[in-house]
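Please explain how this structure is put together, starting with the layout of one chain, moving on to how its helices pack, and ending with the other chain and the contact that joins the two.

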Amino acid sequence: MANNPMQQFTVHKIGPEINIAGVDLSFTNASLFMVISASLIILLLFFGSKEKKIIPSKIQLIAELFYTFVAKMISDTAGSKAKPYFPFIFSLFMFVLFCNMVGMLPYSFTVTSHIIVTLIMALFIFIAVTVIGFIKHGFKYLSIFVPSGVPAVLLPLITIIEIISYLSRPVSLSVRLFANMMAGHTMLKVFGGFVVSLGILGGWLPLSFSVALTGLEILVAFLQAYVFAILTCIYLNDALNLHH
Amino acid sequence: MKSFLSLSIAFAAINTNLYSAEAGMPQLDPKYWASQAFWLVLVFIILYISISKFYLPKIKSNLDNRENKIKEDLENANKFKEQSELKIKEYKLILDKTKKEVNKILFDSKNALDKDIQNKKEVIEKEIEKEILKAQKEISELKKNSVSSIQNISENITSNIIENVSGDKLNESSIKAAVEEISKKNLSKYL
């Protein structure tokens, strides 16, 4: 392992090169960890839903806890109208959470620390929410940019601000997750490098920092998955129930 | 401690500077963007389909089953509770009724006993009165008889005394008259 803290984020090809219509779609370490995370989710849900016990086993309890957690999050933020989107938000939350958590393992790769990954998810959510909004409300959906109860003088300004904030949603959503994951992992790597370079005499201080940061990063990994999912719920709520 | 820390940071910074030139931010290298996007979409679609088609319905039915079971059990428990409360009410009613009956029986038997005792008492009192009357009659008869017999005895004694003292025999009627006179005077002291 090199001392460069950014090197952990490099993507490299695994196996043969796959080239479709001049585009390089090779299987990479990023793809591998996406597959690993998805497999872990499916394993958890498979064993969590295999036995139908009245008193759940431990793994069943975990799966059901995730289910009720996400279900409660959706019903709290977006109401009962958002029920058809529950599987999507559940998948999204689980995928981001597991990618973040798998990324916490040493020598692993953090899928969500890449802006392209988070941006694609955020853009999909943004486009889907906008489409849902227009399907449900037609052109009345544009009233989301015109808040009620604002003085007429301020209205043009507020509308412009609302449009900008709406359009910046995918950027903020994706950059928040990507930057959090990247910064955390970089910091862990830097402190890890301190431990090595300061050796057995001076390395204890950065090591203790490293331990504390690992705990913090696990918290951040969960929190960012939660934030990502709950913001999706909030955007969906805007599209389903026009409150403005 | 502070200088030590800053020294170590500077040292590490120099160290990392040696290597940082080769990479920068790998995230901004577009070489594998298409690949990442492709695999992300593929993996996520598979994940989404398997979750929404297989696992979520299973977990949901599981949770629903449990909720229904709990609801059913609670309903049953409530039913049993109501039943037991009814039974308790019935039991209390029966208990009250029997208590009343017992009181009545007690009251009745007490009354009957009292009456019986009263009757017997009256009968006995009557008998006692009768006996007392009889005894009084006998006593008064005895008194009368005793007066006449006392007179006879005193007449005999008087005639005997007179005979012995004077040797004469007085006629009985005069003695009788004298004794009667004296006994009338003195007998009232004793009777």
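The paragraphs below take chain A, then the helix pairs inside it, then chain B and the contact.

What is shown here is a predicted model, and chain A is a convenient place to begin. The secondary structure of chain A comes to seven helices and two strands, and, read from the N terminus, these elements follow the order β-β-α-α-α-α-α-α-α. Taken along the principal axes, the C-alpha atoms of chain A fill a box of roughly 65 × 55 × 45 Å.

Helix H2 of chain A, residues 58–78, serves as a guide to the packing, and its pairing with helix H1 of chain A, residues 29–50, can be taken as the starting point. The axes of H1(A) and H2(A) come within 7 Å and cross at roughly 115 degrees, which makes H1(A) roughly perpendicular to H2(A). The crossing of this pair is left-handed. On the H1(A) side the contact is made by A:Leu44, A:Leu45, A:Phe47, A:Gly48 and A:Ser49, while H2(A) contributes A:Ile59, A:Gln60, A:Ile62, A:Ala63 and A:Glu64. Sorted by class, the contact of H1(A) with H2(A) has six nonpolar, three polar and one charged residues.

Which residues of H2(A) meet helix H3 of chain A, residues 86–103? They are A:Phe66, A:Val70, A:Ala71 and A:Ile74, and across from them in H3(A) lie A:Phe86, A:Ile89, A:Phe90, A:Phe93 and A:Met94. The residues of this contact divide into nine nonpolar, no polar and no charged. The axes of H2(A) and H3(A) come within 10 Å and cross at roughly 120 degrees; the two helices are therefore oblique to each other, and their crossing is right-handed.

The remaining pairing described here is that of H2(A) with helix H7 of chain A, residues 204–240, where the helices pack at an angle of about 40 degrees with their axes 8 Å apart. That angle makes H2(A) oblique to H7(A), and the crossing is right-handed. From H2(A), the residues A:Val70, A:Met73, A:Ile74, A:Thr77 and A:Ala78 meet A:Ala229, A:Ile230, A:Cys233, A:Ile234, A:Leu236, A:Asn237 and A:Leu240 of H7(A). By class, these residues divide into ten nonpolar, two polar and no charged. A:Val70 and A:Ile74 appear in the contact with H7(A), and A:Val70 and A:Ile74 also appear in the contact with H3(A).

In chain B, attention turns to helix H2, residues 33–166. At 1.5 Å a residue, the 134 residues of H2(B) should span 200 Å, and because its end C-alpha atoms are 187 Å apart, the two values agree. H2(B) nevertheless bends by about 45 degrees at B:Ile51. Just after H2(B), B:Gly167 takes a positive phi of about 80 degrees.

How many residues does each chain bring to the contact between chain A and chain B? The contact takes 39 residues from chain B and 46 residues from chain A. On the side of chain B that touches chain A, the elements that give two or more residues are helix H1, residues 2–20, and H2(B). The largest share of that side, 25 residues, comes from H2(B). The residues on the side of chain B that touches chain A divide into 24 nonpolar, twelve polar and three charged.

Definitions and conventions: Residues numbered from 1 in each chain as written. Chains lettered and ligands numbered in written order. Predicted model: local features only at pLDDT ≥ 70, side-chain atom pairs only at ≥ 80, totals over all residues. Contact = placed C-beta atoms within 7 Å. Helix = DSSP H or I, 4+ residues; strand = E, 2+ residues; numbered from the N terminus. Nonpolar A, V, L, I, M, F, W, Y, C, P; charged D, E, K, R; others polar. Axes fitted to C-alpha atoms, helices over the stretch in contact; angles between N-to-C directions. Parallel < 35°, antiparallel > 145°, perpendicular 65-115°, else oblique. Left-handed = near helix turned anticlockwise from the far one by under 90°. Expected span 1.5 Å × (residues − 1). Bend = angle between axes of the 7 residues up to and from the residue.
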